[in-house]
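Q: Hey, got a minute to walk me through this one? I'd like to start with empty space inside, then look at the core and the surface.

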Amino acid sequence: GLIQKPLMAIGGGKAGFLVYTMASVWLWMFGVHGGLIAYSAMSAIYVTARTENAMAFAASTAAPYPQWCMWPWYTIGGTGCTFALVLLMLVRHKSEQTKVLGKLALPCAIFNINEPVIFGAPVIMNAYLALPFCIIPFINLGITALAMKIGLVAMPTGAAIQAYLPVILQPAMANNSITGALLQIALIALDAALYFPFYKAFDDNAARMEAEYAAEEE
């Protein structure tokens, strides 16, 4: 208690949460599993926050660390909110590569597993996709925090929610409200719009490279 209380006062608040989130997202750009590194470095804070939130839920009281329960809205489809990127690959593609990758990645993306698209595109160190991958989660987080602050969306209950529950269902279970699912649907649409110009440049380049390769083979 002597150490844990000041540790949670510093790291369990919004500043500590943002550091955790930044590391989780941005380290991926260097080929490092950001989530594992962030968890290893801040596991004492993470586990304590999630445990106290779960205890509050069991006692029917408000979660003391609600920001640590907001991940269903800023990791849609996995780190970088790549569910929207996978949808773009399915519905708008010039390149055969992106078309096939979208089909392969969708089943995993539905359950918030995005290694297929992270390594398949790849997103890692990708000049086209790095910026939206790194920025969109924080846009989603800001919108989510605001929507909950003004009462438009119910706060997370603190209940322990499985990370691999499917999109739409997962946020509804996180805050025990249809508002959680509706917010996620709106964020997916926003994420797709934000990803689109970067994805279009990526897809156009892939299609151009495929055309050049085909011409060389003739």
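A: Sure. A cavity here is a set of grid points where a 1.4 Å probe fits but cannot get out. Keep in mind that this is a predicted model.

Q: OK, so how many cavities of 30 Å³ or more does that rule give?

A: The count comes to one cavity of 30 Å³ or more. The largest cavity holds about 40 Å³ of space.

Q: Which residues line the largest cavity?

A: Its lining is made up of Arg50, Cys69, Trp71, Pro156, Ala159, Ile161 and Ala174.

Q: Switching to the core: which residues touch the most other members of the largest nonpolar core?

A: Those are Trp68, Leu85, Met89 and Phe133, out of 51 residues in that core. Several helices supply at least two residues each, among them H2, helix H3 (34-58) and helix H6 (96-110).

Q: And which helix has the largest share of this core?

A: That's H10, with seven residues.

Q: Now the outside. Which residues make the nonpolar surface patch?

A: Leu18, Met22, Trp26, Leu131, Ile135, Ile139 and Ile143 make the patch, and it covers about 540 Å². Helix H2 (14-26) and helix H8 (130-149) each supply at least two of its residues.

Q: Which one gives the most?

A: H8 does, with four residues.

Q: Take isoleucine 135, then. Where is it, and is it buried or exposed?

A: Isoleucine 135 is in helix H8. Strictly it's neither: it counts as partly exposed, because its relative accessible area is 38%, and that class lies between under 20% for buried and over 50% for exposed.

Technical notes
Residues are numbered from 1 along each chain as its sequence is written. This is a predicted model: local features need pLDDT of at least 70, side-chain atom pairs count only at pLDDT 80 or more; totals for chains, interfaces and linings use all residues. Side-chain values use heavy atoms; hydrogens and water are left out. Patches are made of residues with over 30% relative accessible area and no salt bridge: like charges are joined within 9 Å, nonpolar side chains (Val, Leu, Ile, Met, Phe, Trp, Tyr) within 5 Å. Accessible areas come from the Shrake-Rupley method with a 1.4 Å probe; for residues, only the protein chains shown count as cover. A salt bridge is a side-chain nitrogen of Lys or Arg within 4 Å of a carboxyl oxygen of Asp or Glu. Buried means under 20% relative accessible area, exposed over 50%, partly exposed in between (1.4 Å probe, protein chains only). A nonpolar core is a set of buried Ala, Val, Leu, Ile, Met, Phe, Trp, Tyr and Cys residues joined through side-chain atoms within 4.5 Å. On a 1 Å grid over the protein atoms alone, a cavity is a set of points where a 1.4 Å probe fits but cannot get out, and a pocket is an open set with protein on both sides within 12 Å along at least five of seven lines; lining residues have an atom within 4 Å of a point. Grid points are joined across faces, edges and corners, and a volume is the space filled by probe spheres set on the points.
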